[in-house]
Amino acid sequence: MVRRPVAWVVAVVLFVEGLGIAAVQWFLGVVVDRQDMSLAGLDPDVMSLSSKIGGLVFGAYFALCGLVALLVAVRDRAPAGFGRILLISAAVVHGLLGAFAWGLVGWTAFLFMVVVLGLIVLVLMTYDAQGAPEEPADAVPGDGKGDDGTPAGGSPVTPPPAPTTP
């Protein structure tokens, strides 16, 4: 099946992306600190520190999403609860980043974001098709009764013979 390899690829991509985001933001914080730049009178130290903290938080978010994808790949089960919400939010973030990347960076960054978005959605959808456990082949949907009111999957139960009175 294609589910497990895609989940592995998503996990690796999200880990690398988290590390890359954290490194770029840390680098930007160092640049602001060394250049002693200010934006509209903001303190350069605060700008540098907030860039570094933001990069670490955003990188940790992607790493956590990568951990969820890794658990999906290892267990070969659909993400549930908080993990599913994390992967959905990562898909939304990649959609938004792709939209911004088109205008700010170019079509190659947009293409990367859309590919990652597609991979995350593929993980969510292929494991979602697995869904609920299947019913046995001889089971009848509904309340467990056949069309004639008898229990499904077996012969009708015959009542015990009526007692005879002398």
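A residue counts as buried when its relative accessible area is under 20%, as exposed when that value is over 50%, and as partly exposed in between. Keep this in mind as we walk through the structure above, which is a predicted model. Take I88 to try the rule out: its relative accessibility is 40%, so I88 counts as partly exposed.

Let's start with the whole chain. The protein chain contains four helices and zero strands, and reading from the N terminus its elements follow the order α-α-α-α. Of its 166 residues, 27% are buried. The accessible surface of the chain adds up to about 11,100 Å², and carbon and sulfur atoms account for 70% of that area. How do the contacts spread along the sequence? If you take the contacts between residues at least 6 apart in sequence, 64% of them join residues at least 24 apart.

Now look at helix α3, the home of I88. This helix covers residues 82-104. Its 23 residues reach 32 Å from the first C-alpha to the last, close to the 33 Å expected at 1.5 Å a residue. Which residues of α3 are buried? They are G83, L86, L87, A90, A91, H94, G98 and A101. As you read that list, a general point about helices is useful: an α-helix has 3.6 residues a turn, so residues three or four places apart point the same way. I88 is not on the buried list; instead, I88 joins V92, L96, F100, L104 and V105 in a nonpolar surface patch of about 660 Å². Just after α3 comes G106, which has a positive phi of about 140°.

Next, step back to the loop between α2 (44-75) and α3, where you will find D76. What is the sign of phi at D76? Phi is positive there, about 55°, although D76 is not a glycine. That deserves a second look, because most residues other than glycine have a negative phi. D76 has a relative accessible area of 25%, so this residue is partly exposed. You can also compare positions in space and in sequence: D76 and Y127 are 51 residues apart along the chain, and their C-alpha atoms are separated by 8.4 Å.

D76 has a charged partner too. In general, side chains of opposite charge can pair when their charged atoms come close. Here the side chain of D76 meets that of R3 in a salt bridge, with 4.0 Å from N to O. R3 lies in helix α1 (residues 3-35) and D76 in the loop between α2 and α3, so the pair ties together parts that are 73 residues apart in sequence. Are the two partners buried or exposed? R3 has a relative accessible area of 16%, so R3 is buried, while D76, at 25%, is partly exposed. The count of salt bridges in this model comes to one.

Our last stop is S51, a residue of helix α2. Its relative accessibility is 13%, so S51 counts as buried. Which residues does S51 touch, once its neighbours within four places in sequence are left aside? S51 is in contact with Q25, L28 and G29.

Conventions: Residues are numbered from 1 along each chain as its sequence is written. This is a predicted model: local features need pLDDT of at least 70, side-chain atom pairs count only at pLDDT 80 or more; totals for chains, interfaces and linings use all residues. Side-chain values use heavy atoms; hydrogens and water are left out. Helices (H or I, at least four residues) and strands (E, at least two) are DSSP runs, numbered from the N terminus. Buried means under 20% relative accessible area, exposed over 50%, partly exposed in between (1.4 Å probe, protein chains only). Contact means heavy atoms within 4.5 Å. Patches are made of residues with over 30% relative accessible area and no salt bridge: like charges are joined within 9 Å, nonpolar side chains (Val, Leu, Ile, Met, Phe, Trp, Tyr) within 5 Å. Accessible areas come from the Shrake-Rupley method with a 1.4 Å probe; for residues, only the protein chains shown count as cover. The expected span of a helix is 1.5 Å times one less than its number of residues.
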